[in-house]
Amino acid sequence: MVNRLVVAAPASGSGKTTVATGLMAALRRAGSRVAPFKVGPDYIDPGYHSLATARPGRNLDPVMVGEHRIPGLFAHGSKGCDIAVVEGVMGLFDGRVDTAGVGSTAHVAKLINAPVLFVVDARGQSRSLAALLHGFRGYDPTVRLGGVILNQVGSERHEQVLRSACDEVGLDVLGVLPRDPQFSLPSRHLGLVTAAEHGSEAVAAVDAIAAAVAKHVDLDAVRRLASSVPAMAVAAWEPQVEAVADEPLVAVAGGAAFTFGYAEHVEVLKAAGAAVAVVDPLNDEDLPEGTSGLVLPGGFPEQHAEALSANAKLREAVARFARSGAPVHAECGGLLYLARSLDGHPMCGVLDAEGFMTPKLTLGYRDAVAATSSPLHPPGSRVTGHEFHRTQLSTPHSNPPAWHWRGVDSRPVAEGFVAGGVHASYLHTHPAGDPEAVARFVRACHPFVAGVADGTVFA
């Protein structure tokens, strides 16, 4: 595996995304080929990583895909690069609730044998930083803290005191970032505004962060830290699926409203024999000619509900396609797009329910069992996915559910729906965790390659 490091912090809000994105961009501009990664199921940060590196931002999530796949996925995403920067999630040891840190930044750092560059928001502390660093380094000595980035430093005197605190515990300071609002990225109800939505302002923000990191961080020291790891021979992950012969065309929704997708999804679709075309529901008025399968990923359709509704031609085309029985895979934002309406704006009307924003955040991993035969799963198949939304559907629908899982207090939950070829749910899944589900979806496209609409039922 390539030279590598993990950017971590004591807690969320410390500046991990700022530092990781800035490092990726600064290293690339200094001539490195940088592979970007994010720990956990996050979709938003990888968009900024892509801007910084001109490579697909990828996720490393042991909960979603299994810890045994993480080294191979890391090697897959690092091909052709000389350094990899992995942005952590939350605090260093924060993982899945009620586990011993499964899926945490520390867990992933150990799986890929990478040192940790620790980002500390220094506001409101001085020598106490030594105690904080001592505690994090001693909590799990198998996680190697290799250096510190001091963020939000108020003055030269503040910097001197903080450096002395780091010296007390024997940790090198690799960079010092001053307080400056231009280094922050814009936020919204589920975190950062996506890079695709923020457009030129996102590019400008990444440029500013890259310049700050290049000025205030010792990039040579960062490279030395990333290279201070033993070589590891790891076979790169490849989707092990059987390809169909007729190359069905799968349309995947994209554009500013549908940005929540994993790079491996398209790769598995192609490995299974599909051709892939992107359709933008904000601008395109029809599905690509010859479409025989449709993927509607998550995103922020609630931020674009009026514009999505105004594109009545595509909404009607999607509804016709879904009624034909052809396979449709919708997750979260895609589920809302298939509803009758979203915050009062007409949507595709495939699902007899209305979507609307709520003040409540639904967040967490789910161990789900397929409840109904669908183009993705036979009944009884198991998957670990992730929910992340502030919307809900107004009424229970009459279609069979997509999933069963245990909710709060072990109460049974029936979620999502299956209707003909449509599988729609709030649950996000990672294709690398179950590539056979994607291959099954591509096989289900076969009867529709020639535009046949026979209302196939999936066994």
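How many bridges join strand E5 (residues 116–121) to strand E6 (residues 145–153)? Six bridges do the job, and the two strands run parallel. Before going further, note that this is a predicted model, in which local features need pLDDT of at least 70 and side-chain atom pairs count only at pLDDT 80 or more, while totals for chains, interfaces and linings use all residues. Residues are numbered from 1 along each chain as its sequence is written, and side-chain values use heavy atoms, with hydrogens and water left out.

Strands and helices here are DSSP runs numbered from the N terminus (helices are H or I with at least four residues, strands are E with at least two). Two strands count as paired if DSSP finds at least two bridges between them. Within the E5–E6 pair, Val120 sits opposite Leu150 in E6. The pair belongs to an open sheet of seven strands, with parallel pairing and the order E3-E2-E4-E1-E5-E6-E7. At the edges are strand E3 (58–60) and strand E7 (173–178), each of which pairs on one side only. On average, neighbouring strands of this sheet are turned by 25° against each other, direction ignored. For angles like this one, axes are lines fitted to C-alpha atoms (for helices, over the stretch in contact), and the angles run from 0 to 180 degrees between N-to-C directions.

Two helices lie across strands of this sheet. Helix H4 (residues 70–77) lies across strand E1 (3–8), strand E2 (34–39), E3 and strand E4 (83–87), and runs at about 160° to E3. Helix H7 (residues 156–168) lies across E6 and E7, running at about 160° to E6. Contact, here and below, means heavy atoms within 4.5 Å.

What about helix H3 (residues 62–65)? That is where Val65 is found. Val65 is buried, with a relative accessible area of 2% (buried means under 20%, exposed over 50%, partly exposed in between, using a 1.4 Å probe and protein chains only). Leaving aside residues up to four places away in sequence, Val65 touches Ile70, Leu73, His430, Ala432 and Gly433. Val222, by contrast, is 157 residues from Val65 in sequence and 29 Å from it in space, C-alpha to C-alpha.

Next come the charged side chains. A salt bridge is a side-chain nitrogen of Lys or Arg within 4 Å of a carboxyl oxygen of Asp or Glu, and a search of the whole structure turns up 18 of them. One of these joins the side chains of Lys79 and Glu238, at 2.8 Å from N to O. Lys79 lies in the loop between H4 and E4, and Glu238 in the loop between helix H9 (219–227) and strand E10 (249–253), so the pair ties together parts that are 159 residues apart in sequence. Both ends are partly exposed: Lys79 has 44% relative accessibility, and Glu238 has 37%.

Asp367 and Arg96 form another salt bridge, with their closest N and O atoms 3.1 Å apart. Since Asp367 lies in strand E16 (residues 351–370) and Arg96 in the loop between E4 and helix H5 (105–111), this pair ties together parts that are 271 residues apart in sequence. Asp367 is partly exposed at 45%, and Arg96 is partly exposed at 21%. The side chains of Arg443 and Glu436 also meet in a salt bridge, at 2.6 Å from N to O. Arg443 is partly exposed, with a relative accessible area of 38%, and Glu436 is partly exposed, also at 38%. Elsewhere, salt bridges that share partners link Lys38, Asp45 and Glu87 into one network.

That leaves the cysteines. A disulfide is a pair of cysteine sulfur atoms within 2.5 Å, and by this rule the count is zero. For Cys348, the closest cysteine sulfur is in Cys332, 15 Å away, which is too far for a bond. Cys348 is buried at 8% relative accessibility, and Cys166 is buried at 0%.

Cys332 also has an entry in a record: UniProt (unreviewed entry) lists this residue under "active site". UniProt positions are given in the numbering used here, feature names are shortened, and annotations may be inferred rather than shown by experiment. Cys332 is placed in the loop between strand E13 (328–331) and helix H13 (333–338). Cys332 is buried, with a relative accessible area of 5%. Not counting residues up to four places away in sequence, Cys332 touches Gly298, Phe388, His389, Ser425, Tyr426 and His428.
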